[in-house]
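Work through the exercises below with the sequence and the model at hand. Each task is followed by a solution in steps.

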Amino acid sequence: MDILKELLELSPRKNNTQQVKLLSLSKRAGKDMIFKVRELSYNEIKNILDMAENNPTADIKMQVVLKGVVEPNLKDKELLQHYNAPTPAELLPKILNAGEIDDLYNIIQNLSGYKRITATLVQQEAADQVKKN
């Protein structure tokens with residue numbers, strides 16, 4: 001198998017997005033409240049981790065959620081004013097409970113390829129095939 005040839009035949013991958021219904025927020029609103037989140041790139045994750053390395057009080061989970069939420073626009077001035085929040089980081093806990101923020105973090109991490117198996121050793125794959133036969 002010529003991996004280079006196979007790669008050249010593939011199209012560039014598309015970024016994943018996901019619609020997420022937030023249960024507690026939906027219950028408070030009396031209707032489905034759905035956020036749209038997206039995967040983060042390697043460089044976006046790296047930048048968040050670098051920022052946290054230089055700032056020990058930085059909240060990595062919050063930064064991932066703020067970067068990964070596409071809708072609603074958490075930087076919207078009207079939304080920030082309505083909740084009396086000067087920044088999106090201060091807005092989010094006024095809208096969502098801690099578990100919902102953590103769930104969004106986990107969903108964004110999963111979309112980004114973390115918290116799941118994304119590769120396997122060839123030796124293991126071959127061993128598994130032998131076991132099946």
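## Exercises on a predicted model

Pro 72 sits in the loop between β3 and α5 (77-82). The model is a predicted one.

**Exercise 1.** Find which residue is joined to Pro 72 by a cis peptide bond.

*Solution.* Start from the loop between β3 and α5, where Pro 72 is placed. The cis bond links Glu 71 to Pro 72. Its omega is about 5°. Glu 71 belongs to strand β3, which covers 69-71.

**Exercise 2.** State how many helices and strands the protein chain has, and in what pattern they follow along the sequence.

*Solution.* The count comes to eight helices and three strands. Read along the sequence, their pattern is α-β-α-β-α-α-β-α-α-α-α.

**Exercise 3.** Describe the sheet: in what order do the strands lie, and which are the edge strands?

*Solution.* The three strands form an open sheet in the order β1-β2-β3, with antiparallel pairing. The edges are β1 (17-21) and β3 (69-71), each of which pairs on one side only. On average, neighbouring strands are turned by 40° against each other, direction ignored. Next take one pair: β1 and β2 (residues 34-38) are antiparallel over five bridges. Gln 19 stands opposite Lys 36 of β2.

Two helices pack on this sheet. Helix α4 (residues 60-68) touches β2 and β3, and its direction makes about 35° with that of β3. Helix α7 (residues 98-111) touches β1, β2 and β3, and its direction makes about 35° with that of β2.

**Exercise 4.** Decide whether Asn 84 is buried or exposed, and give the sign of its phi.

*Solution.* Locate Asn 84 in the loop between α5 and α6 (88-95). The relative accessibility of Asn 84 is 63%. Exposed means over 50%, so Asn 84 counts as exposed. Its phi is near 50°, a positive value in a residue other than glycine.

**Exercise 5.** Which residues make the nonpolar surface patch, and where does Ile 3 lie?

*Solution.* The patch consists of Ile 3, Leu 4, Leu 7, Leu 8 and Leu 10, and its area is about 560 Å². Ile 3 lies in helix α1 (residues 3-9). With a relative accessible area of 54%, Ile 3 is exposed.

**Exercise 6.** Give the share of residues that count as buried and the area that the protein chain exposes.

*Solution.* Of the 133 residues, 24% count as buried. The exposed area is about 10,000 Å², and carbon and sulfur atoms supply 52% of that area.

Methods: Residues numbered from 1 in each chain as written. Predicted model: local features only at pLDDT ≥ 70, side-chain atom pairs only at ≥ 80, totals over all residues. Heavy atoms only, no water. Patch = residues over 30% accessible without salt bridge, like charges linked within 9 Å, V, L, I, M, F, W, Y side chains within 5 Å. Areas by Shrake-Rupley, 256 points an atom, 1.4 Å probe, with all protein chains shown as cover. Salt bridge = Lys/Arg side-chain N within 4 Å of Asp/Glu carboxyl O. Helix = DSSP H or I, 4+ residues; strand = E, 2+ residues; numbered from the N terminus. Buried < 20%, exposed > 50% of the residue type's maximum accessible area, 1.4 Å probe, protein only. Pairing = 2+ DSSP bridges. Axes fitted to C-alpha atoms, helices over the stretch in contact; angles between N-to-C directions. Contact = heavy atoms within 4.5 Å.
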